Amino acid sequence: MSTAAPARPRGPQRQAPPPPLDTARRHHRSMSKAAVNGVLLLATLYMVLPLVWLVTAAAKNTGDLLGGRTLTPDRWHLGQNLADLAATGDGIYFRWYLNSLLYAGVGAVLCAFICVAAGYAFHVYRFPGKEKLFGLVLLGVLVPTTALALPMYLLASKAGVVNTFWAVFVPSLVNPFGVYLARVFCRGYVPGEVLEAARMDGAGELRTFWSIGLRMVMPGFVTICLFQFTAIWNNFFLPLVMLSDTELFPVSLGLYAWNTQTRAFPEYYPMVVTGSLLAVVPLVVAFVGLQRFWKAGMTAGAVK
């Protein structure tokens with residue numbers, strides 16, 4: 001004798017709510033979250049505090065700096081420090097500032113263009129010994145720049161350009177890591193189909209690179225330019241080896257020269273600190289102003 005199966009209730013069934021979290025688990029999660037937030041707060045303070053110190057110390061006079069009163073909110077002498085900075089040495093600091101802008105600004109743009117052109121060539125063209133030549137480029141990444149200072153000085157001495165603008169500017173145009181980075185960007189941003197279509201339309205190789213390849217790899221160009229700008233702006237050892245004329249100094253070497261005189265002339269302390277604050281401004285402006293290119297590069301492959 002068969003029995004009928006019980007009828008299933010019609011309509012969607014309401015699931016039982018999940019059981020509440022245990023108090024111990026909630027406490028553990030809250031403690032973990034507090035620990036992570038605490039570590040992030042300490043890391044933020046560690047990175048922000050030197051900048052805060054630099055901003056406040058740039059507005060102090062010699063007595064406050066030597067007395068350790070750099071973070072006090074009173075006694076602001078920023079205007080006087082800027083006036084002393086402009087008057088010392090007939091405004092030599094701003095000559096150093098202009099030199100750094102020339103070394104870093106023009107050098108970074110030209111270096112980025114050379115690196116992108118080399119990376120584009122390594123990506124697009126086939127020629128004998130390409131990978132071996134690229135291996136030499138990667139080998140150049142492993143060599144520290146300080147180890148190359150003496151050979152570059154000897155080469156500059158043979159060429160007769162020691163203690164000139166070119167002795168610092170020309171070496172800044174070479175960046176093996178930039179070539180490697182440019183090849184990586186070209187591999188991800190420059191499809192071969194687009195280049196082949198340009199060639200079929202009658203565009204030459206230079207026109208294809210200038211109108212298509214360079215524009216498609218612009219995020220990589222900006223990235224290399226920023227890296228090189230920062231490296232040249234903070235470069236110290238190469239100008240120290242190459243230059244002896246103070247009018248050719250970059251701002252990093254000029255501030256070092258002033259800092260070596262602070263024991264004999266303590267009045268240089270405020271000018272060194274104020275000059276260091278002004279030296280940070282181009283780096284901040286460059287990173288903030290070119291940030292949109294990085295955002296465009298990160299989202300370039302998200303939409304087909």
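This report describes aromatic ring contacts in a predicted model.

## Aromatic pairs around Tyr97

When the whole structure is searched, 22 aromatic pairs are found. One of them joins Tyr93 and Tyr97, whose rings form a tilted pair with 5.9 Å from centre to centre and 50° between the planes. Both residues belong to helix α4, which covers residues 92-124, and they are four residues apart, or about one turn of the helix.

Tyr97 also pairs with Trp233, and here the ring centres are 5.6 Å apart while the planes stand at 80°, so this pair is edge-to-face, given that planes over 60 degrees apart are counted in that way. This contact links distant parts of the chain, since Tyr97 lies in helix α4 whereas Trp233 lies in helix α11 (residues 218-233), 136 residues apart.

## Burial and the wider cluster

Are Tyr93 and Tyr97 buried or exposed? Both of these residues are buried. For Tyr97 the relative accessibility is 16%, and it therefore counts as buried, because the cut-off for that label is under 20%. Trp233, with a relative accessibility of 3%, counts as buried as well.

Tyr93, Tyr97 and Trp233 are among the members of one aromatic cluster, which also includes Phe94, Trp96, Phe229, Trp258, Phe265 and Tyr268.

## Charges over rings

Rings in this model also meet charged side chains, as two cases show. The charged end of Lys60 sits over the ring of Trp76, at 5.2 Å from the centre of that ring. In the other case, Arg183 lies over the face of Phe134, and the distance to the ring centre is 4.4 Å.

How values were computed:
Residues numbered from 1 in each chain as written. Predicted model: local features only at pLDDT ≥ 70, side-chain atom pairs only at ≥ 80, totals over all residues. Heavy atoms only, no water. Phe/Tyr/Trp six-rings, centres within 6.5 Å; stacked < 30°, edge-to-face > 60°. Helix = DSSP H or I, 4+ residues; strand = E, 2+ residues; numbered from the N terminus. Buried < 20%, exposed > 50% of the residue type's maximum accessible area, 1.4 Å probe, protein only. Lys NZ or Arg CZ within 6 Å of the ring centre and 35° of its normal.
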